[in-house]
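Thanks for sharing this one with me. Here are my notes, set out point by point, so you can follow along in your viewer.

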Amino acid sequence: STVHTRKYNYTLTTYPTDTITLTVYPYTTVYISWGDGHSDEILPDGYTIGTSVKHDYEDGKKQERIISVHIEDKEINNTNGSYGTIDYFSNNIKNTSYVPIKKYEVLKGFDGKLYGFFNYSNYTDYLLDIKISSDINEITAYGLNIKSGVGTLIIPDSVNLISYLAIDSLVIHDKIELPKRATVMLGGLGDMTSTLHNNKEIELTVPISKVLRDNSFSCISGFKMVIPEGIEIIGKAAFNFNKSNSPLVLPNSLREIREEAFMFSEYTGGLTIPDNVNNIGARAFENATFTNNLILGKGLDSINESTFEFSSFGGTLVIPSNIKNIGTKAFYKYRNEIRKFTLEEGVERIGKSAFANCKFLKPTIITIPRSVKHIDNMAFGKCNNLYKILIPRHIIDYEQIIHEDDKTKIELY
């Protein structure tokens, strides 16, 4: 049979006088390198689970020393396709006083790929530091599924593919570095959170790829997200359910924001859509929260269905002249009170319930520009503090644009 070897190196901190217990699996060879330069080899047979090795230093002192564990995980091509695994391996490296593993360095993968590296430790009083070697070019599904807190995670530029759910459920405390250019698949960086470092949010710079894949950065919270120049398309739900106390700055290279991209996300500051963006998908910013105004770019000619439904921005809302069509429920139930509202000349169609259930800070008069050719049902229905709407005389069936119980006045000009 053909034997392939998958190699990993983990560096850990432990006390030299304690026993290190290793749980190893069939076809797995483990080498222990000690601080005095000697090493031990553990080569279990196909049925052995659980091997102990002990080495005592002459001084017998409880001093922390760095040792390394080198694993060769051999894949055997036989009729059953069986191979060794190191799943949960890191949780089973421990000593009798339970001094935690603190540092890991992944040096080699199987054909350049990092497979399942797990740590389900229940320790909460320490952080892991993880560094991945430049020999790795892909992190496979569930490649880094770490349940303990992580101080520093460094993924080198050699990694060009972060697969489905590759990095999941991490809590970063100090620093994260991702490759400058890489493809991140669906859920590749999901459910990740961070704590404040020196009272600031940790920067997370998205790897450059012309197209950011669907759901690639979902459910990330506590980071200052940096979306660099070079990214042209943000995929469906790519950043949905993100939470940050920093502004969201979109790159000038961006051309398209697909549906649900930032749905249920929260950022401080306003949002400026770059002028090169020519399409924003349906519900892209539904239920999104910002603390300042929305500025729509010059490259847009329409706002799709529910794009900003239930969203929250600052008190000024301007629909610029380049927007021709405002889709159904485009700004339905806009959550902030609107202080200033402007529809510029150039708008041609206002969809059903486009601005329905909006709230105005004070009694407001809206002027519909003469360029408008059609207004659908309930476009301004049930709006609070909407005193009057001025409508061009060529608009027909204008009574339907508000609810029958509304007190809003309609006046032709």
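1. Let me begin with a question: which side chain does E232 meet in a salt bridge? The partner is R255, with 3.0 Å between N and O. Please keep in mind throughout that this is a predicted model. E232 sits in the loop between β22 and β23 (233-234), while R255 belongs to the loop between β23 and β24 (256-257), so this salt bridge ties together parts 23 residues apart in sequence. At a relative accessible area of 21%, E232 is partly exposed; R255 is partly exposed too, at 35%.

2. Now for the overall picture. The protein has 37 strands and zero helices. Half of the chain is out of reach of solvent by the usual count: 50% of the 413 residues are buried. Contacts between residues 24 or more positions apart make up 49% of those with a separation of 6 or more. The exposed area comes to about 18600 Å², and carbon and sulfur atoms supply 46% of that.

3. The interior deserves a look. In soluble globular proteins, nonpolar side chains tend to be buried together. Here the largest nonpolar core holds 85 residues, and I350, F355 and F380 have the most contacts inside it. If you select I350 and ignore its neighbours within four places in sequence, you will find it in contact with I326, L343, F355, I368, V372, H374, I375, D376, A379 and F380. Two of the residues named for the core, F355 and F380, are thus also in contact with I350.

4. Back to charges. How many salt bridges does a search of the whole structure find? The count is eight. One of them joins the side chains of E203 and K224, at 3.8 Å from N to O. E203 lies in strand β20 and K224 in strand β22 (residues 223-226), so the pair ties together parts that are 21 residues apart in sequence. E203 is partly exposed at 43% relative accessible area, and K224 is partly exposed at 33%.

5. Another salt bridge links E256 to R258, where the closest N and O atoms are 3.4 Å apart. Is E256 buried or exposed? E256 counts as buried, because its relative accessibility is 18% and the cut-off for buried is under 20%. R258, in contrast, is partly exposed, with a relative accessible area of 28%.

6. Strand β20 also contains T205. This residue counts as partly exposed, at 37% relative accessibility. Beyond its neighbours within four places in sequence, T205 is in contact with L178, V226 and P228. T205 and E177 are 28 residues apart in sequence, yet their C-alpha atoms are 7.5 Å apart in space.

7. Next comes S209, in the loop between β20 (202-205) and β21 (211-212). Although S209 is in a loop, it is buried, with a relative accessible area of 14%. Which residues does S209 touch, not counting those up to four places away in sequence? They are A182, T183, G230, I231 and E232. The last of these, E232, is the residue whose side chain meets R255 in the salt bridge of point 1.

8. A buried acidic residue may interest you as well. E138 has its place in strand β11 and counts as buried at 14% relative accessibility. What does the side chain of E138 make a polar contact with? It is the side chain of S163, at 3.2 Å. Leaving out residues up to four places away in sequence, E138 touches G112, K113, L114, V159, L161 and S163.

9. Finally, the surface. Y142, Y164 and L186 form a nonpolar patch there, with about 280 Å² of accessible area together. Y142 is found in the loop between β11 (138-139) and β12 (144-146). This tyrosine is partly exposed, with a relative accessible area of 34%.

Notes: Residues are numbered from 1 along each chain as its sequence is written. This is a predicted model: local features need pLDDT of at least 70, side-chain atom pairs count only at pLDDT 80 or more; totals for chains, interfaces and linings use all residues. Side-chain values use heavy atoms; hydrogens and water are left out. Helices (H or I, at least four residues) and strands (E, at least two) are DSSP runs, numbered from the N terminus. Buried means under 20% relative accessible area, exposed over 50%, partly exposed in between (1.4 Å probe, protein chains only). Contact means heavy atoms within 4.5 Å. Accessible areas come from the Shrake-Rupley method with a 1.4 Å probe; for residues, only the protein chains shown count as cover. Patches are made of residues with over 30% relative accessible area and no salt bridge: like charges are joined within 9 Å, nonpolar side chains (Val, Leu, Ile, Met, Phe, Trp, Tyr) within 5 Å. A salt bridge is a side-chain nitrogen of Lys or Arg within 4 Å of a carboxyl oxygen of Asp or Glu. A polar contact is a pair of N or O atoms within 3.5 Å; within protein, one must be able to donate a hydrogen and the other to accept it, and residues adjacent in sequence count only if both atoms are side-chain atoms. A nonpolar core is a set of buried Ala, Val, Leu, Ile, Met, Phe, Trp, Tyr and Cys residues joined through side-chain atoms within 4.5 Å.
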